[in-house]
Amino acid sequence: HTTNDDNLPPVVRLLQSCGILVSRKEHGAHHKPPFEGHYCIVSGLMNAPLDGSGFFKKLETAIHERTGVKPRCWNEPDYTFLEEPHNQAWRIQ
């Protein structure tokens, strides 16, 4: 999560370009609203079938029923922490 494209080892960039590892753009999709898919962050090959089948929504529901813990994607994100002075560098533009 903290490595930018310029610092990736050449082998990682090669595997990303071949589609074996998920690209940075595809990886970033699970960090954007509505935060309810694209959970397969290694290769991404199963994202479309699992997202399309509702697998993750069903899994989230089962976990919620079992533990009482709601997934964060069920609520609107809280960005108030970004207003704190030490977090200004991470401000969403």
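These legends go with several close-up views of a predicted model.

**View 1. The whole chain, an all-helix layout with 4 helices and 0 strands.**
Reading from the N terminus, the elements run α-α-α-α. The protein chain has 93 residues, and 18% of them count as buried. About 7400 Å² of the chain is exposed, with carbon and sulfur atoms supplying 60% of that area. Take the contacts with a separation of 6 or more: residues 24 or more positions apart account for 19% of them.

**View 2. Gln16 and its neighbours in helix 1.**
Here we zoom in on Gln16, which sits in helix 1, residues 10-17. Its relative accessible area is 18%, and buried means under 20%, so Gln16 counts as buried. What does Gln16 touch, leaving aside residues up to four places away in sequence? The list is Leu8, Leu21, Val22, Ser23 and Arg24.

**View 3. Helix 4 from end to end, with Gly68 just after it.**
Helix 4 covers residues 55-67. Its 13 residues, at 1.5 Å a residue, should span 18 Å, and the end C-alpha atoms are indeed 18 Å apart, so the two values agree. Next along the chain comes Gly68, with a positive phi near 80 degrees.

**View 4. The aromatic cluster of Tyr39, Phe55 and Phe56.**
Searching the whole structure turns up 2 aromatic pairs. One of them joins Tyr39 and Phe56 edge-to-face, with 4.7 Å centre to centre and 85 degrees between the planes. That pair links distant parts of the chain: Tyr39 is in the loop between helix 2 (24-28) and helix 3 (47-53), while Phe56 is in helix 4, 17 residues apart. Phe55 and Phe56 make an aromatic pair too, again edge-to-face, at 5.2 Å centre to centre with 75 degrees between the planes. Phe56 takes part in both pairs, one with Tyr39 and one with Phe55. Is Phe56 buried or exposed? At 11% relative accessibility, Phe56 counts as buried. Tyr39, on the other hand, is partly exposed at 32%, and Phe55 is partly exposed at 38%.

**View 5. A salt bridge between Lys57 and Glu36.**
Side chains of opposite charge can pair when their charged atoms come close. How many salt bridges does a search of the whole structure find? The answer is 1, and it pairs Lys57 with Glu36, whose closest N and O atoms are 3.7 Å apart. Lys57 lies in helix 4 and Glu36 in the loop between helix 2 and helix 3, so the pair ties together parts that are 21 residues apart in sequence. Both partners are partly exposed: Lys57 has a relative accessibility of 45%, and Glu36 has 35%.

**View 6. A nonpolar patch on the surface made by Phe55, Leu59 and Ile63.**
Together, these three side chains offer about 250 Å² of accessible area. Phe55 is a familiar face from the aromatic cluster, and its place is in helix 4. Why can Phe55 belong to a surface patch? Patch residues need over 30% relative accessible area, and Phe55 has 38%, so it clears that cut-off. Phe55 therefore appears in two views, as a member of the aromatic cluster with Tyr39 and Phe56 and as part of the nonpolar patch with Leu59 and Ile63, given its partly exposed state.

Note on methods:
Residues are numbered from 1 along each chain as its sequence is written. This is a predicted model: local features need pLDDT of at least 70, side-chain atom pairs count only at pLDDT 80 or more; totals for chains, interfaces and linings use all residues. Side-chain values use heavy atoms; hydrogens and water are left out. Patches are made of residues with over 30% relative accessible area and no salt bridge: like charges are joined within 9 Å, nonpolar side chains (Val, Leu, Ile, Met, Phe, Trp, Tyr) within 5 Å. Accessible areas come from the Shrake-Rupley method with a 1.4 Å probe; for residues, only the protein chains shown count as cover. A salt bridge is a side-chain nitrogen of Lys or Arg within 4 Å of a carboxyl oxygen of Asp or Glu. Helices (H or I, at least four residues) and strands (E, at least two) are DSSP runs, numbered from the N terminus. Buried means under 20% relative accessible area, exposed over 50%, partly exposed in between (1.4 Å probe, protein chains only). The expected span of a helix is 1.5 Å times one less than its number of residues. Contact means heavy atoms within 4.5 Å. Rings of Phe, Tyr and Trp (its six-membered ring) pair if their centres lie within 6.5 Å; planes under 30 degrees apart count as stacked, over 60 as edge-to-face and the rest as tilted.
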